[in-house]
Amino acid sequence: MSAVFKTIEAGFEPMTESRLDTVVAIERRAYDHPWTRGNFSDSLRSGYQAQLLCAGDVVIGYFVAMLGVDEVHLLNITVDVPYQGQGWGRVMLDAVALWARTQNAHWVWLEVRTSNLRAQEVYERYGYRRVGERKNYYPAAQGREDAIVMSCKL
């Protein structure tokens, strides 16, 4: 028996206002408490690093990152539901790390919901370590949810 593998070629392009309908649709599929169009628009206006991972016209995922002094804060990283579990999150984490290094950053920081065990596992495999917790950080179905703060030394 032989296996047939489908190869997807993908690349990065800047997130733009014209693609936000697609981004917001992915965000809504992926999360119970998604970012709004306004969150993404504000990020673009603020000059944050916002990139789409695309295969042709299909958006596989995206990330938004903010540069600080010697560090980058990863604000949002999302893989569309049909593409989850295929390694695309790691591809985007590589892109974030590469961009951060070009900005002379020494660390990348992020927050992740305490309930998002799958994402925590991806980050830990990549080299992120838990460094703290933010109480009541995220909106939740019943009140608020804590966040785990993680960092990765570049």
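In this predicted model, strand E2 (residues 49–55) is mostly covered, with seven of its seven residues buried. Gln 49, Gln 51, Leu 53 and Ala 55 point one way from E2, while Ala 50, Leu 52 and Cys 54 point the other way, and all are buried. That arrangement can be read against a general rule: in a regular strand the side chains alternate between the two faces of the sheet. Cys 54 has a relative accessibility of 4%, and it counts as buried because that value is under 20%.

E2 has a pairing partner on each side. E1 and E2 pair in the antiparallel sense over four bridges, and the bridge partner of Glu 13 in E2 is Leu 52. E2 and E3 also pair in the antiparallel sense, over seven bridges. Here Ala 55 has Val 58 in E3 as its bridge partner. The hairpin of E2 and E3 has two residues between the strands, and Gly 56 in this hairpin takes a positive phi near 65°.

**The sheet**

These strands belong to an open sheet of seven strands with the order E1-E2-E3-E4-E5-E7-E6 and mixed pairing. The edge strands are strand E1 (11–14) and E6, each of which pairs on one side only. Neighbouring strands of this sheet are turned by 30° against each other on average, direction ignored.

Phe 12 lies in the edge strand E1. Phe 12 has a relative accessibility of 34% and therefore counts as partly exposed. Its C-alpha atom is separated by 15 Å from that of Tyr 48, 36 residues apart along the chain.

A second pair with a sequence separation of 36 residues is Asp 70 and His 106, whose C-alpha atoms are 5.6 Å apart in space. Asp 70 lies in the loop between strand E3 (58–67) and E4, and at 43% relative accessibility it counts as partly exposed.

**Strand E7 and its partners**

Towards the other end of the strand order stands E7, between E5 and E6. Strand E7 (residues 143–153) is mostly covered: eight of its eleven residues are buried. Strand E5 (residues 107–113) runs antiparallel to E7 and is joined to it by seven bridges. Two of the residue pairs across E5 and E7 are Val 108 opposite Cys 152 and Glu 111 with its bridge partner Val 149. Strand E6 (residues 129–140) also runs antiparallel to E7, with eight bridges joining them. Arg 134 stands opposite Ala 147 in E7. A hairpin of two residues joins E6 to E7.

Cys 152 has a relative accessibility of 8% and so counts as buried. A disulfide is a covalent bond between the sulfur atoms of two cysteines. With a limit of 2.5 Å between cysteine sulfur atoms, the count comes to zero disulfides.

**Positive phi values**

Most residues other than glycine have a negative phi. Two asparagines in this model have positive values instead. Asn 104 is found in the loop between H3 and E5, and Asn 136 is found in strand E6. Asn 104 is exposed because its relative accessible area of 56% is over 50%, whereas Asn 136, at 48%, counts as partly exposed.

| Residue | Location | Phi | Relative accessibility |
|---|---|---|---|
| Asn 104 | loop between H3 and E5 | about 65° | 56% |
| Asn 136 | strand E6 | near 55° | 48% |

**The largest pocket**

The largest pocket has a volume of about 1,200 Å³. It is lined by 44 residues, of which the closest to its centre are Tyr 31, Ile 77, Asn 116, Ala 119 and Tyr 123. The elements that give two or more residues to the lining are helix H1 (20–30), strand E4 (71–79), helix H3 (88–102), E5, helix H4 (117–126) and E6. E4 supplies the largest share, seven residues. By class, the lining has 23 nonpolar, 13 polar and eight charged residues.

Definitions and conventions
Residues numbered from 1 in each chain as written. Predicted model: local features only at pLDDT ≥ 70, side-chain atom pairs only at ≥ 80, totals over all residues. Heavy atoms only, no water. Buried < 20%, exposed > 50% of the residue type's maximum accessible area, 1.4 Å probe, protein only. Pairing = 2+ DSSP bridges. 1 Å grid on protein atoms, 1.4 Å probe; cavity = no way out; pocket = protein on both sides within 12 Å on 5 of 7 lines; lining within 4 Å. Points joined across faces, edges and corners; volume = space filled by probe spheres on them. Nonpolar A, V, L, I, M, F, W, Y, C, P; charged D, E, K, R; others polar. Axes fitted to C-alpha atoms, helices over the stretch in contact; angles between N-to-C directions.
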